[in-house]
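Let us take a friendly walk through a protein fold, one piece at a time. Keep the picture beside you as you read.

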Amino acid sequence: MKTNFHTHTYRCLHATGTEKDYVEEAINRGLDVLGFSDHAPFPDKDYGLRMGYDELEDYISEIDKLKSLYKNRLRIYKGLEIEYHPYYTEYYTTLLKKFKLDYLALGEHTYTTNSGFFRNIFFAESTNDYVDYAYAVSEAVAAGFFSFVAHPDLMMLNEFAWDKNCDKACDLILCAAEKYDIPLEYNANGFRRGIRPYPDGVRYPYPDDRFWKLVSGSKIRVIIGSDCHTPEQIRDEAVIRAESKCAELGLKMIDSLF
Ligand SMILES: [Zn+2]
Ligand SMILES: [Zn+2]
């Protein structure tokens, strides 16, 4: 079955294409299932690179409309990609129960440290931050709101060589995924960022082979996410590369969350 549960739309302000454009493209590319997971707004604050809170209802009703309109051609799910911060616990419940979302993807771009500091993993100051990040991801997974962890190795995009903190961060994330039996996403968008020089070699920012080799030695289930920000990316070269890499790594693949 061809599926994708990581799909953005024009609403997040750094992607193009309407919900309908993605549905049409998914059908053109032979997908059976499409899950929308645009960047979620928060009710009290605009953290940037996401839809406005006042767009949320429209996003949901548009997907509901497409769900019934295309019901014979494509199975559509409505979700959001969202960061976990402990003080929004009630909001995650509201999204799932009141707004009736099918799923939430944990897209931990920003995180809260154990000491309560707000951080962005795109700007790690050292690999010490990876450990804080991994604790935040573990706490998020334990909270139980999420159906999968998007790009769990996102921290590896920073310009540091692999060290003991990387071992520790990976260990924490893998332990949480195993304990709570939550799938990890092999994210194709990292490939779209291109190969870059790092202090310990040339590689894609993510997915990082060293992380995924550890996953392949575990029981953790893995799902590929396109993380498309244009309709053409739904199933592009990056997704095909992800499929062959996952096979090569011997990961335990799933193709659906439901
Ligand atoms: Zn995005
Ligand atoms: Zn995403």
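In what sense do strand E1 and E2 pair, and over how many bridges? Strand E1, which covers residues 3–4, pairs with E2 in the parallel sense, and 2 bridges hold the pairing. Before we go further, please keep in mind that this is a predicted model.

**The strands around E2**

You can find the E1 pairing on your screen by looking for Thr-3, which stands opposite Val-33 in E2. Between these strands, the chain leaves E1, passes through H1 and arrives at E2, and this β-α-β crossover is right-handed. E2 also has a partner in E3: the two run parallel and are joined by 7 bridges. Here Leu-34 is a good place to look, since its bridge partner in E3 is Ile-76. Another right-handed β-α-β unit appears at this point, made by E2, H2 and E3.

Is E2 largely enclosed or largely open? Of its 7 residues, 6 are buried, so the rest of the structure largely encloses E2.

**Helix H2 and its two sides**

Now turn to the helix of that second unit. H2 spans residues 56–69, which makes 14 residues, and it reaches 20 Å from its first C-alpha to its last. That is close to the 20 Å expected at 1.5 Å a residue.

Which residues of H2 are buried? They are Tyr-59, Ile-63 and Leu-66. Because these residues cover an arc of only 65 degrees around the axis, they sit on the same side of H2. The other side of H2 carries exposed residues, namely Glu-57, Ser-61, Lys-65 and Ser-68. Among the elements that cover the buried residues are helix H1 (19–28), strand E2 (33–39) and strand E3 (75–82).

**The largest nonpolar core**

Next comes the largest nonpolar core, which has 73 residues. The members that touch the most others are Leu-104, Tyr-133, Val-137, Phe-146, Val-149, Ala-169 and Ala-177. Helix H4, residues 128–143, gives the most to this core, contributing 8 residues. Try zooming in on Ala-169: if you set aside its neighbours within four places in sequence, it is in contact with Tyr-130, Val-131, Tyr-133, Ala-134 and Met-155.

**Helix H7 and the strands around E11**

Further along the chain, helix H7 takes up residues 209–216, and its buried residues are Phe-211, Trp-212 and Val-215. Seen down the axis of H7, they fall within an arc of 90 degrees, so they line one face of the helix. What covers them includes helix H5 (164–180), strand E8 (184–187), strand E11 (221–225) and helix H8 (237–249).

E11 deserves a look of its own. Because 4 of its 5 residues are buried, E11 is largely enclosed by the rest of the structure. One of its partners is E8, and the two pair in the parallel sense over 4 bridges. Strand E12, residues 252–253, also runs parallel to E11 and is joined to it by 2 bridges. E11, H8 and E12 make a right-handed β-α-β unit.

To help you find these pairings in the picture, here are some of the facing residues.

| Residue | Faces |
|---|---|
| Thr-3 | Val-33 in E2 |
| Leu-34 | Ile-76 in E3 |
| Tyr-186 | Ile-224 in E11 |
| Val-222 | Met-253 in E12 |

Terms used: Residues numbered from 1 in each chain as written. Chains lettered and ligands numbered in written order. Predicted model: local features only at pLDDT ≥ 70, side-chain atom pairs only at ≥ 80, totals over all residues. Expected span 1.5 Å × (residues − 1). Buried ≥ 20, exposed ≤ 12 C-beta atoms within 10 Å, placed from the backbone. Arc of directions from axis to C-beta. Contact = placed C-beta atoms within 7 Å. Core = buried A, V, L, I, M, F, W, Y, C linked by C-beta atoms within 7 Å. Pairing = 2+ DSSP bridges. Right-handed = clockwise from strand over helix to strand, strands pointing away.
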